[in-house]
Amino acid sequence: MYKDHDYDIVVIGAGHAGCEAALASARMGFSTCLFTINLDTIAQMSCNPAVGGLAKGHLVREIDALGGEMAKVTDKTGIQFKMLNMSKGPAVWSLRAQADRVLYRLSMRRVVEFQKNLDIKQALIEKIIVEEGKVKGVLTSLGIFYETRAIVVTTGTFLKGLIHIGLENFSAGRAGEFPSVGLSDSLRELGFKMGRLKTGTPPRLDAKTIDFSKTEPQYGDDPPQPFSYSTEKITNPQLPCYITYTNKETHKIIFGNLDRSPLYSGRIKGIGARYCPSIEDKVVRFAERERHQVFLEPEGLETKEYYANGIPTSLPYDVQVKLVRTIPGLEKAEIMRPGYAIEYDFVYPTQLKHSLETKLIDGLFLAGQINGTSGYEEAAAQGIMAGINASLNLQGGEPLILGRHEAYTGVLIDDLITKGTNEPYRMFTSRAEYRLLLRHDNADLRLMNKGYEIGLLGKEVYQKFQEKKRLIDEELQRIKKIRIKIEGADKSESLEQLLKRPEITYEFIDKSVHSDKPLSPEMKKQVEIQVKYDGYILRQMEMAERLKKVEEKKIPEGFDYISVNGLSKEILSKLQEVRPANLGQASRIPGVTPAAISLLMVSIERLKRERGKS
């Protein structure tokens, strides 16, 4: 064994979670090493070339508000930006961007390579070395040892990855890349309970062979709105996407070949994503539907490769060719890369604390698909939190835990830790109880203070944010004070009262009594939302305050749940597995009843009294 450098923090895996984790720890002043199996696939978009979307766009904005990188890189490399759900309320508005796949990877690689305190090494990590319940270092496949004080594991689909195309399968972390086998065994040997998940990807098509005249073009917003609060303008050329549909002939081919599907022949053991099923799954589960949407997405500015979103499949190659060519516009389409399914190992996330540190081993943090999630955005959000908390841990400080009322990132982590998952977890706005507080537009108002306090946001960015906050607050005060009488009204009303009316916009208010302050369109929209939804926002804030009081009722570390009289065996087992940090978390564990929470509360109070007497 050869001993190389010592590092404060080691990050294993350079996908979306790994890049955010490594950048966070390096920017917080800790010597960090980011390990990847292949330097050329740092921040690779393994699935579709897009960032954001419903609820996922909220996560990207939160990463940016905390001082992360995903939003900035997306803005640099985005080739279409579209705000979704604009016909609905602001709680569910969400930005989505198509990115140039190659530019994204190269741009993120440049960021991590130029980052101070951060080394990048191409190596296959085979083993995590632990001494007396605490991480000691990592060992590579070449027998090189790196000593470290904290480890963040972000392995994506690489842990014992197995790719399926028809009835053929082969080991790989992604198509064309080695899997990680030894690390999976190492985690099992350390005592972690692990499971098996599955995800899939559709065929990639050659645009030269697509008849776009038979499809519906989908254009982005003009002008495009960026993801990052620090981006002033999107400069890349913008490209359309295209919509087409499967049909009865497509479905007939799929039904006729289910015996050759690894999914239906029993070859695939891992559990797939319920919310992103394969085309085989769709036609079987929704047999009554005559068509399914196919969204053709450009892979970049300098390529003719298109991603056929909507038809992920693991059917044999010859079947993929037949089914693709039944789709309007794709009758002569050539497949550049076939679709496939991939199975991989994951760690049941109930074995983690809210900081994403494992309960079993001090200094070991997990982030991304290893925790059972799907999607770049869910991975990156966990990555930045793991990097932050690994750094705070080394500083001897308290971890940064985002509440469910503070961020979608908080909802994501709390769901994983408290409820666990046995299928790939995907973020939705419906998962958040306080979604009117957790809007896409106000991520900076919610989180930039935290990003600045921990040292991830620069002074210039923070001052710009404070100026924005001041201008919004002043405008809210201004429209409260100024009263006008509009035509047909009996009496004058404040501008604020007028703005509460559904038919009145901020534009009308500004035209009536113009503000002399330099308010950006984003600030004006923020003012309008805060006024129009004031009552709803206040109610959710009151609910969040009540939740906070319950969350403050801590459960002592090492609490003996067996001592609580009246708990059923099932509830006792769940409490012992999750080991919730507080009563709020305990109440969200599936199957834990209000009666059980009452018993728990009584026992904790009794324990406090007894400790007080002694």
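This note collects points on helix 10, salt bridges, backbone geometry and a surface patch in a predicted model.

1. Helix 10, length. Helix 10 covers residues 408–419. Its 12 residues should span 16 Å at 1.5 Å a residue. The end C-alpha atoms are 16 Å apart, so expectation and model agree.

2. Helix 10, burial. Of the 12 residues in helix 10, 11 are buried, so the helix is largely enclosed by the rest of the structure. The buried set runs through Y408, T409, G410, V411, L412, I413, D414, D415, L416, I417 and T418. Two acidic residues, D414 and D415, are thus on the buried list. The cover over these buried residues includes helix 2 (56–66), helix 9 (376–395) and helix 11 (443–453). Helix 17 and helix 18 are also among the covering elements.

3. Helix 10, exit. G420 comes just after helix 10. G420 takes a positive phi of about 70 degrees.

4. Charged network. R404, D414, D415, K419, E433, E551 and R588 are linked in a network of salt bridges. Both D414 and D415 belong to the buried residues of helix 10. A search of the whole structure finds 46 salt bridges. Three further pairs are taken up below.

5. K3 and D6. These two side chains meet in a salt bridge, at 2.4 Å from N to O. K3 has 41% relative accessibility, so it counts as partly exposed. D6 is partly exposed as well, with a relative accessible area of 47%.

6. R188 and D345. The closest N and O atoms of this salt bridge are 3.0 Å apart. The pair links distant parts of the chain, 157 residues apart. R188 sits in helix 5 (residues 182–189), and D345 in strand 19 (residues 340–347). Is each partner buried or partly exposed? R188 is partly exposed, at 36% relative accessibility. D345 is buried, because its relative accessible area of 3% falls under the 20% cut-off.

7. E474 and K517. Here the closest N and O atoms are 2.6 Å apart in a salt bridge. This pair also links distant parts of the chain, with the two positions 43 residues apart. E474 belongs to helix 12 (residues 459–481). K517 lies in the loop between helix 14 (506–512) and helix 15 (521–532). E474 counts as partly exposed at 28% relative accessibility. K517 is partly exposed, with a relative accessible area of 36%.

8. Positive phi outside glycine. K160 is not a glycine, yet it has a positive phi of about 50 degrees. K160 is in the loop between strand 9 (144–153) and strand 10 (162–165). At 28% relative accessibility, K160 counts as partly exposed. R579 is not a glycine either, and its phi is positive at about 50 degrees. R579 falls in the loop between helix 17 (569–578) and helix 18 (583–587). R579 counts as partly exposed, at 39% relative accessibility.

9. Cis peptide. The bond from D222 to P223 is cis, with omega near 5 degrees. P223 is in the loop between strand 14 (216–218) and strand 15 (241–245).

10. Nonpolar surface patch. Which residues form a nonpolar patch on the surface? They are F255, Y264 and V284, with about 240 Å² of accessible area together. Y264 is placed in the loop between helix 6 (248–255) and helix 7 (279–285). Y264 counts as partly exposed, at 34% relative accessibility.

Key. Residues numbered from 1 in each chain as written. Predicted model: local features only at pLDDT ≥ 70, side-chain atom pairs only at ≥ 80, totals over all residues. Heavy atoms only, no water. Patch = residues over 30% accessible without salt bridge, like charges linked within 9 Å, V, L, I, M, F, W, Y side chains within 5 Å. Areas by Shrake-Rupley, 256 points an atom, 1.4 Å probe, with all protein chains shown as cover. Salt bridge = Lys/Arg side-chain N within 4 Å of Asp/Glu carboxyl O. Helix = DSSP H or I, 4+ residues; strand = E, 2+ residues; numbered from the N terminus. Buried < 20%, exposed > 50% of the residue type's maximum accessible area, 1.4 Å probe, protein only. Expected span 1.5 Å × (residues − 1). Contact = heavy atoms within 4.5 Å.
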